[in-house]
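Here is a short briefing to read alongside the model. Please keep the sequence and the structure open as you go.

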Amino acid sequence: MEAKNNPKLLIGLKEGIDKLALKNAIENNENIENMFNYFEVKTCDAYYIPSGCIHAILGDVIIAEIQTPSDITYRLYDWNRIDKNGKGRELHIEDSFNVIENIDSSRLKSQRINKFKNDNLEINQIFSNKYFTAEEYFIKNKFSSQTNSKTFEIFIDIEGDGFIESDIKDNNIKLKAGKTVLIPACMGN
């Protein structure tokens, strides 16, 4: 959503490094920071990071993390950060290695596919899988859409102001940058 001062994403292991090599390095207290892929990011970049892929956000960046439901985060490494009491956060080494997958991260940056474009509206598909589809809308003026009665939609206003209006009385929502709105499948127009 916003990137400043050359932020990066860490995504996956470098080619030729597998999780066994990473585990050995951790067990031997070696520096593992050079074992990962780093990608410079800019505003509007999008990456699809599948489950089991090691990842971290590094730098001055605000992201929208769209994910399948999970209440679990395993911390493999914490960049030697310490709290005010001089202690590091808990790491989950064994749990992490139970779920890490070797994933080719060079193919994870999204390639936008234009689905629609006219003078008022442009819609690009960012990525799609069996669980969800992420799209970006560039809206210049009013446009009309209808929910499909089977799935909800989530809108995140990245930039600018506007409204989401529905046929249901008193159900109009004012948008501004940073606001997120869940639209139930039953909303109709």
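Helices (H or I, at least four residues) and strands (E, at least two) are DSSP runs, numbered from the N terminus. With that in hand, E136 can be placed in strand β6. This is a predicted model, in which local features need pLDDT of at least 70 and side-chain atom pairs count only at pLDDT 80 or more, while totals for chains, interfaces and linings use all residues. Residues are numbered from 1 along each chain as its sequence is written, and side-chain values use heavy atoms, with hydrogens and water left out.

**Confidence**

- The predictor's confidence in each residue is given as pLDDT, from 0 to 100.
- For the protein chain the mean pLDDT is 90, and 100% of its residues reach 70 or more.
- Within the protein chain, confidence is highest in β4, at a mean of 96, and lowest in strand β8 (residues 162-164), at 88.

**E136 and its surroundings**

- Is E136 buried or exposed? Its relative accessibility is 13%, so E136 counts as buried; the classes are buried under 20% relative accessible area, exposed over 50% and partly exposed in between (1.4 Å probe, protein chains only).
- Not counting residues up to four places away in sequence, E136 touches R112, E122, I123, N124 and I126, where contact means heavy atoms within 4.5 Å.
- The side chains of E136 and R112 form a salt bridge, at 2.6 Å from N to O; the rule asks for a side-chain nitrogen of Lys or Arg within 4 Å of a carboxyl oxygen of Asp or Glu.
- Because R112 sits in the loop between α2 (93-99) and β4 (113-117) while E136 is in strand β6 (residues 133-139), this pair ties together parts that are 24 residues apart in sequence.
- R112 itself is partly exposed, with a relative accessible area of 33%.

**Other salt bridges**

- How many salt bridges does the rule give? The count comes to 11.
- One of them joins E135 and K115, whose closest N and O atoms are 2.5 Å apart.
- E135 belongs to strand β6 and K115 to strand β4, so this pair ties together parts that are 20 residues apart in sequence.
- E135 counts as partly exposed, at 29% relative accessibility.
- E122 and K117 also meet through their side chains in a salt bridge, at 3.8 Å from N to O, and K117 is exposed, with a relative accessible area of 58%.
- K42, D45 and K109 are joined into one network by salt bridges that share partners.

**Nonpolar cores**

- A nonpolar core is a set of buried Ala, Val, Leu, Ile, Met, Phe, Trp, Tyr and Cys residues joined through side-chain atoms within 4.5 Å.
- The largest such core has 13 residues, and those touching the most other members are L22, I26, I32, F36, I54, L76 and F97.
- At least two residues of this core come from each of β1 (2-13) and α1 (19-27), and α1 gives the most, with three.
- F36 is in contact with L10, G12, L13, K14, L22 and I54, leaving aside its neighbours within four places in sequence.
- Apart from the largest core lies another of nine residues, including A3, Y47, V61 and L108.

**Two buried residues in loops**

- C53 is found in the loop between β2 (36-40) and β3 and counts as buried, at 5% relative accessibility.
- C53 touches I11, G12, I103 and L108, not counting residues up to four places away in sequence.
- From C-alpha to C-alpha, C53 and L13 are 8.6 Å apart in space, with their positions 40 residues apart in sequence.
- D78 lies in the loop between β3 (55-62) and α2 and is buried, with a relative accessible area of 6%.
- Leaving aside its neighbours within four places in sequence, D78 is in contact with R89 and L91.

**Aromatic pairs**

- Rings of Phe, Tyr and Trp (its six-membered ring) pair if their centres lie within 6.5 Å; planes under 30 degrees apart count as stacked, over 60 as edge-to-face and the rest as tilted.
- The count by this rule comes to six aromatic pairs.
- F39 and Y47 form a tilted pair, 5.6 Å centre to centre with 50° between the planes, and both F39 and Y47 are buried.
- Y48, F127 and F132 are linked into a cluster by ring pairs.
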